[in-house]
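This report is meant for someone meeting the structure for the first time. Please look over the sequence and the model before reading on.

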Amino acid sequence: MAKPLFQALPGTRDLMSPDTDRMREFVAVFADEAAKAGFGQIIPPMFEDVGVFTRLGEASDVVSKELYDFRDKADRHIALRPEHTASVCRIFAEKRPLTPWRTWYAGPNFRYDKPQKGRYRQFDQVGAELIGSDEPDTDTELIALASRFYDRIGLKNVTLLVNSLGDATDRPRYLEALRTYFGANLDVLSEQSQITLKTNPLRVLDSKRREDAGLIADAPVLTDYLGDDAAASFERVKAGLRGLDIKFELAPRLVRGLDYYNRTAFEFISESLDGAQTAIGGGGRYDGLVEALGGPPESGVGFALGIDRTILACDAEGVFGAPDNSAAAVVVCTSPGTEGLEIADELRRAGIATTRADGTRSMKGQMKQAGKSGAKVALIVGPDEAEAGTVSVRPMLSDPNSSDGPTQSVVPRADVVTTVKEIIQ
RNA sequence: GUGGCCGUAGCUCAGUUAGGUUAGAGCGCCAGGUUGUGAUCCUGGAUGCCGGGGGUUCGAAUCCCCUCGGUCACCCCA
């Protein structure tokens, strides 16, 4: 491979035309679903004071070792956002919008991970958050928004996993039970998990190491340790999901990677993806986060969907393909004049997407380009047309030798727009 | 961060096992196949410091070391 002077940094990608068209459409569909549910868009800055993110919990890898942080010229300690939720809470604490505040977003996040398929250092998410209500039905509403979105893009093999992480006051009793349980079985537990047990017992449940599987399967279950409020809330969410006919699986050992979650936690898993990156979206309730960022004690729920992984899943299922972005018309000009430029401009002003073949090439070369452009019609101007003030209009058929369909005609310059419109109807 | 596999034209890859003349294929790209027209077909053409650096050797794409990048698993997460 030729060695380029520069190349995209590890974990970053250059998205180009069919992919970007697809992503734009993806976000457009999400925006539409979010708007239907009463959510308004926000565009937070891509970087914040590092404290905004460290408040997410030092125990999670996302903040302890994956933060992209640096000092700016005024020696501020800054970090590229690893997710949007912290920024949303910071915005709420700072601007105090009316509650309940429904908001959605789309944009890149940054995590200094070792790249892998479906895992990039810069990756895009769409998501929605609702701040200022602890009504369990809002949890259900958010899950429904994500779920309807998947329906809309045609993704089928998605499993919704649901769990309740309890309230902050329920957590210590459960953590204690976990420590006791795993502590009694240290000899069976993998070395890695023994370390995790010390720092964050919950996370041991997330281990994918084979030797831990048996132990984890029999571990104490979080939902047995819920307080009355959390338990009632969880029941209400489950009832809501049944009412909306949204299928879910209870996942008593589902713990999420960020430490701020309480009560409802959920994750969307694609059954069409193999490998380690099957979680295409997830979220939950984070009732203490706004306050932790200096705001009022308002509760929140939200979720984020990974665009890249979701599109990977779409590929696997053969749905939500790239939209056709080819121009409707293409101009072929071998005349030395500027007719080609003028005709293209005229069509564009009339709202017709128009591209141009390379004017320095021969007629045959330009026609080849016209064929590849995917345009429905070619406007041909050679010296003859230039002289006569006409344009040859050639409908571009999939088979150039087929005799059926419209044939090439010569029209006056003034009639080009209307003729093209007729052909592309 | 740890470990396995991989890195040859724009793309997909052969050649690396036992080092040996100017490094190959398919696709793609460009130009022709008579005077201005997209398929196919025919002919011709361009493009690689064989990821980079160092070493062994008379000689390295082939062997050794380092490095960079990719990929997969763990870790973690979207």
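The text below moves from the whole chain to its domains and then to one sheet.

**The chain as a whole**

The model is a predicted one, and the values given here should be read with that in mind. Chain A contains 16 helices and 16 strands, and its C-alpha trace extends over about 90 × 50 × 45 Å along the principal axes. For a compact globule of 425 residues one would expect a radius of gyration near 22 Å, whereas chain A has 28 Å. Of the 425 residues in chain A, 50% are buried, and the accessible surface of the chain comes to about 21,300 Å², with 51% of that area belonging to carbon and sulfur atoms. When contacts in chain A with a separation of 6 or more are considered, 70% of them are made by residues 24 or more positions apart.

**Two domains**

Chain A is divided into two parts, of which domain 1 takes in residues 17-170 together with 226-317, while domain 2 covers 329-424. The distance between the C-alpha centres of domain 1 and domain 2 is 49 Å.

**A sheet of three strands**

How are the strands β2, β3 and β4 ordered in their sheet? They form an open sheet of 3 strands in the order β2-β4-β3, and the pairing is antiparallel. Because β2 (47-49) and β3 (68-71) stand at the edges and each has a single partner strand, one side of each is left without a neighbour in the sheet. On average, neighbouring strands of this sheet are turned by 30° against each other, with direction ignored. As background, strands of a sheet pair through backbone hydrogen bonds, in either a parallel or an antiparallel manner.

The two pairings in which β4 takes part are set side by side here.

| Strand pair | Sense | Bridges | One bridge, with partner in β4 |
|---|---|---|---|
| β2 and β4 (residues 77-80) | antiparallel | 3 bridges | D49 with I78 |
| β3 and β4 | antiparallel | 4 bridges | R71 with H77 |

Read strand by strand, D49 has I78 of β4 as its bridge partner, and R71 is matched in β4 by H77.

Which residue takes a positive phi in the hairpin of β3 and β4? The hairpin has 5 residues between the strands, and in it D75 takes a positive phi near 65°.

Notes: Residues are numbered from 1 along each chain as its sequence is written. Chains are lettered from A and ligands numbered from 1 in the order in which they are written. This is a predicted model: local features need pLDDT of at least 70, side-chain atom pairs count only at pLDDT 80 or more; totals for chains, interfaces and linings use all residues. Side-chain values use heavy atoms; hydrogens and water are left out. Two strands pair if DSSP finds at least two bridges between them. Helices (H or I, at least four residues) and strands (E, at least two) are DSSP runs, numbered from the N terminus. Axes are lines fitted to C-alpha atoms, for helices over the stretch in contact, and angles run from 0 to 180 degrees between N-to-C directions. Domain bounds come from an automatic or database domain assignment. The radius of gyration is taken over C-alpha atoms; the globule rule is 2.2 Å times the number of residues to the power 0.38. Buried means under 20% relative accessible area, exposed over 50%, partly exposed in between (1.4 Å probe, protein chains only). Contact means heavy atoms within 4.5 Å. Accessible areas come from the Shrake-Rupley method with a 1.4 Å probe; for residues, only the protein chains shown count as cover.
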